[in-house]
Amino acid sequence: MIAIPHKAKQFLVFLIKLLIVGGAFYFIWNQLAHNKQLDWQKFLDLLDRKKSFWGILFLLSFSFFNRYFEILKWQNLAQVVEKISVGKATAQVLGALTASIFTPNGIGEYGAKALYFPKSEAKRIVFLNLICNGIQMILTIIFGTVGLLYFNYKFPIISNKSLMLVFGILLLVCGLLFGLKKITIRGYSLNKLFEKINEIPKQIHQKNILLAISRYLIFSHQYYFLFLAFDVKLPYLLLMATITSVYFLASSLPTFQFLDFAVKGSVAVFFFGLLGVNEWIAVFISTLMWFLNVVFPVIIGSYYVFNFKSVWKS
């Protein structure tokens, strides 16, 4: 095995960090500069009419708490392996977010977080990250399904027969999974997964669920208040049902972090179009949500990527 000189290894690590951060900023700039659906002049005109220091601070606070609760979630779960401070949890969450911006559905985050811990703990860290993201996805499905049902009740786009068929298929799939939970494939089974989940103390699970619910409510209401800022006046329940539906359906599609707003924007255009909301407003709000909740954290995360030191030993 060829040994890489220390100086060469340092340069290679620095080059990888530079490529991650440089690539992240290029993709962000490229999407914002060349998206023909974004009418910046309309946005600037609206901003000029609605400019309010407290209003902007209010909306930015949602982005701060959205990411802060994610950091607290990770700090809470990581203690299964090692107790870490909020500062360390921040570095791990934001650094992993930046490193995973190029990967489908942020899957690179799993490997990136594992690099902050000893190599022997890699599998446990990946599993804990699965728990961390899994509860958020479960909540997205629950709130999204309720939202879709309410939206479909107000604006029928799927017949009752089709809905019954979909729920029938879902129940069948759940039943099959439950029935096959003991079947082992390459040493893995649903039964073993449940056992691993149950090994984590209940207090940690409870805190994880509470933080996940808080984060979901913060994120979805930031969407809600942005629509109010853009003069979209719709009943609260209908607007929230549409937001949860859009977020659920968009999250179900495979995509990259840097294309997240484009996917959510296209889904939002369809749903909000049925409510008579202007297309550019739906696209712009999706872009703003992406900018506030992905771009800002990635900018901060770039600092942590440059200062990253792996604890893995070769």
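Buried means under 20% relative accessible area, exposed means over 50%, and partly exposed lies in between (1.4 Å probe, protein chains only). The model is predicted, so local features need pLDDT of at least 70 and side-chain atom pairs count only at pLDDT 80 or more, while totals for chains, interfaces and linings use all residues. Residues are numbered from 1 along each chain as its sequence is written, and side-chain values use heavy atoms, with hydrogens and water left out.

**Exercise 1.** Classify both partners of the Lys233 and Asp231 salt bridge as buried, partly exposed or exposed.

*Solution.*
- Step 1: a salt bridge is a side-chain nitrogen of Lys or Arg within 4 Å of a carboxyl oxygen of Asp or Glu. For Lys233 and Asp231, the N to O distance is 3.9 Å.
- Step 2: Lys233 has 69% relative accessibility, so Lys233 counts as exposed.
- Step 3: Asp231 has 36% relative accessibility and therefore counts as partly exposed.

**Exercise 2.** Describe the salt bridge between Lys73 and Glu70, then find the network that includes these residues.

*Solution.*
- Step 1: the side chains of Lys73 and Glu70 meet at 3.4 Å, N to O.
- Step 2: both residues lie in helix H3, three residues apart, about one turn of the helix. Helices here are DSSP runs (H or I, at least four residues), numbered from the N terminus.
- Step 3: Lys73 is buried because its relative accessible area is 0%, and Glu70, at 4%, is buried too.
- Step 4: a network of salt bridges links Glu70, Lys73 and Arg215.

**Exercise 3.** Place Ala89 in its helix and list its contacts beyond four places in sequence.

*Solution.*
- Step 1: Ala89 belongs to helix H4, residues 86–99.
- Step 2: with a relative accessible area of 0%, Ala89 is buried.
- Step 3: contact means heavy atoms within 4.5 Å. Beyond its neighbours within four places in sequence, Ala89 contacts Ile71, Trp74, Gln75 and Ile84.

**Exercise 4.** Find which residues touch the most other members of the largest nonpolar core, and which helices supply two or more of its residues.

*Solution.*
- Step 1: a nonpolar core is a set of buried Ala, Val, Leu, Ile, Met, Phe, Trp, Tyr and Cys residues joined through side-chain atoms within 4.5 Å.
- Step 2: this core has 30 residues, and Tyr223, Phe227, Ile243, Phe272, Val277, Ile281 and Ile285 touch the most other members.
- Step 3: the elements giving two or more residues are H9 (202–229), H10 (236–252), H11 (260–274) and H12.
- Step 4: apart from this core lies another, of 20 residues, among them Ala89 and Phe117.
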